[in-house]
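Student: I would like to learn how to read packed helices and a ligand site. Could you walk me through an example?

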Amino acid sequence: MAVLDPPRLRRLWSSTVGKKAVMGVTGLLLLLFVTAHMLSNLKAFISPASLDHYAAWLRTVLDGALGHGGFLWIARIGLVVCVVLHATAAVQLARRARAARPVRYRHRARVQGDYAARTMRWGGVILALFVVYHLLDLTAGYLNPHGVQGDVYNNVVADFRLWYVTLFYALAVVSLGFHIRHGLWSALQSLGASAAARRAWQATATGYAVFITAGYLSVPFAVLTGLLR
Ligand code: HEM
């Protein structure tokens, strides 16, 4: 296919617009995953079996065509590719922006752009560290106080009975919320829009980030307060 022609892809990747497009597309795919994962976690409120069955289904869906766990592995590889492309494009775009302004401002005011850039950078680092811990905790079970493969609900509950685990998860999920809000805001800045459209979009971005953050936080706080046990 002409669009997937390697020299064309290389040209696209080396351009600033191409890197922004890669950030946008991979960001959107990651946002889809994060939304689906949050909604599926809410199955814990239906029943323990509902969450456990969902995790088992992820391993058996499309078994016939892809083999046992095939779908899950394709999704995992897709996620890793998205994270690597998203982070690489972000670092390279930040370097380009710095290189375009070789003389640093002498008195650099702390403006909103600086704050957003710092939030995105450190938020991204916290999220990356969190995902490594999270996989060792709830996917592999090594760091989980219960740690029984397939007993997903009880693994989750065992985690959030510990206040420091809950605190770490809450920190990561709040960083995710800020990351989503700033990501959606800056996507709009790249596209350009009228002031009214900008305000409406900023409200939507904040609303969506709050929805995702609150959805994720609901499970640990339900365990902490004894609603889920
Ligand atoms: C309170 C918040 C969260 C809870 C209760 C939770 C719960 C879980 C559980 C139970 C699993 C294992 C599923 C299974 O074995 O099938 C899992 C896997 C995973 N979670 Fe979360 N999660 C949370 C937040 C997040 C966040 C914020 C992210 C990403 C930013 C994330 C990314 C992942 C990934 C990448 C996997 C691995 C899927 C796989 O390869 O099997 N999770 N999560």
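**Helices and a ligand shell**

Tutor: Happy to! In this predicted model, let us begin where Val34, Thr35, Met38 and Asn41 of helix α2 meet Ile212, Gly215, Tyr216 and Val219 of helix α9.

Student: What classes of residue make up the contact of α2 with α9?

Tutor: Five of the residues are nonpolar and three are polar, with no charged ones.

Student: How are two packed helices described?

Tutor: We use the angle between the axes and the distance between them. Here, α2 (residues 16–41) and α9 (residues 195–224) have axes that come within 9 Å and cross at roughly 35 degrees.

Student: Is the crossing of α2 and α9 left-handed or right-handed?

Tutor: The two helices make a left-handed crossing.

Student: Now the ligand, please. Which residues are closest to it?

Tutor: The closest are Ala55, Arg76, Leu138, Thr139 and Tyr216, out of 23 residues that surround the ligand. Tyr216 is also one of the α9 residues in the contact with α2.

Student: Which element gives the largest share of that shell?

Tutor: That is α6, with six residues. Elements giving two or more residues include α2, α3 (48–60) and α9. By class, the shell has 18 nonpolar, four polar and one charged residues.

Student: What does the UniProt record add about residues 208–228?

Tutor: The unreviewed UniProt entry annotates that span as "transmembrane region", along with others including 162–180. In the model, residues 208–228 are 81% helix and 0% strand, with end C-alpha atoms 25 Å apart. Residues 162–180 are 95% helix and 0% strand, and their end C-alpha atoms lie 27 Å apart.

Key:
Residues numbered from 1 in each chain as written. Predicted model: local features only at pLDDT ≥ 70, side-chain atom pairs only at ≥ 80, totals over all residues. Axes fitted to C-alpha atoms, helices over the stretch in contact; angles between N-to-C directions. Helix = DSSP H or I, 4+ residues; strand = E, 2+ residues; numbered from the N terminus. Left-handed = near helix turned anticlockwise from the far one by under 90°. Contact = placed C-beta atoms within 7 Å. Nonpolar A, V, L, I, M, F, W, Y, C, P; charged D, E, K, R; others polar. Near = placed C-beta within 6 Å. UniProt positions renumbered as here; feature names shortened; annotations may be inferred.
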